[in-house]
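Here are a few exercises to work through with the model open in your viewer. Try each task before reading its solution.

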Amino acid sequence: PSLTPLAVACLPQSKEKSKLASDSYVVARIVGGLGNQMFQYAAGRALALRLGIPLLVDTSAYSAYRLHRYGLDSLNVDARAAPWHCRLGGKALDLLHHLRLSPQRYLQLVGVQRLAEPPDLAFAPELLTAIPAGPVYVDGYWQNQRYFMDHEAQIRHEFTLRPPLMEEYARIKNQLRSECPCVSLHIRRG
């Protein structure tokens, strides 16, 4: 199992970080429920930390995705929104289809390299050693802890709730405890 041929062809084999362009960044495509979002963020964040460049997130898929909402904004994640030319969901994707342009080809045209998870979702160790020559778009679910184990402590810290939420949850918890015994039931829908 390995990254798609397009992704591998775009990756120089040198490990010198000094060759990275000053406008380099990692864009992680974020879609799905909170669990998927956390894996996608963790893989992208670990790659960005390894390369010493910023992580940006593409959340544009949520403009058309109604099953879940973007949930990482409640956590201490370190990511800004991706620039407009690296947003491949919603209306942007509709436009690319109208132009008969694949997202992969579009990213090539705007100078952004794409690292795609293998179709069988198998672990692709190439992501651990990837040294892109410029901006890179990370597309996949990346549900393997090996993608981010080298930065586990930092990512765990970033997955903590933001302080205002902690205070609000504590207030609600205290209110519920003072009023009556409570039960919580979670039903997974998929």
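**Exercise 1. Find the residues, beyond its neighbours within four places in sequence, that leucine 47 is in contact with.**

Step 1: take contact as heavy atoms within 4.5 Å. Step 2: set aside the neighbours within four places in sequence; leucine 47 then touches Val26, Leu115, Leu127, Ala130, Val136 and Val138.

Before going on, note that this is a predicted model, where local features need pLDDT of at least 70 and side-chain atom pairs count only at pLDDT 80 or more, while totals for chains, interfaces and linings use all residues. Residues are numbered from 1 along each chain as its sequence is written, and side-chain values use heavy atoms, with hydrogens and water left out.

**Exercise 2. Describe the largest nonpolar core and the elements that give two or more residues to it.**

Step 1: a nonpolar core is a set of buried Ala, Val, Leu, Ile, Met, Phe, Trp, Tyr and Cys residues joined through side-chain atoms within 4.5 Å; buried means under 20% relative accessible area, exposed over 50%, and partly exposed in between (1.4 Å probe, protein chains only). Step 2: the largest such core holds 31 residues, and Val26, Ile30, Leu47 and Tyr147 have the most contacts inside it. Step 3: strand S1 (26-29), helix H2 (34-51), strand S2 (55-58) and S5 each supply two or more residues. Helices (H or I, at least four residues) and strands (E, at least two) are DSSP runs, numbered from the N terminus. Step 4: H2 gives the largest share, seven residues. Step 5: look also for a second, separate core of 11 residues, which includes Tyr25, Val27, Leu88 and Tyr137.

**Exercise 3. Work out which parts the salt bridge between glutamate 158 and arginine 45 ties together.**

Step 1: a salt bridge is a side-chain nitrogen of Lys or Arg within 4 Å of a carboxyl oxygen of Asp or Glu. Step 2: in this pair the closest N and O atoms are 2.9 Å apart. Step 3: glutamate 158 lies in helix H6 and arginine 45 in helix H2, so the bridge joins parts 113 residues apart in sequence. Step 4: check burial; glutamate 158 is buried at 4% relative accessible area, and arginine 45 is buried at 6%.

**Exercise 4. Is arginine 156 buried or exposed, and which residue does its side chain meet in a salt bridge?**

Step 1: arginine 156 counts as exposed, at 57% relative accessibility. Step 2: its side chain meets glutamate 152, with N to O at 2.8 Å. Step 3: both residues lie in helix H6, four residues apart, about one turn of the helix.
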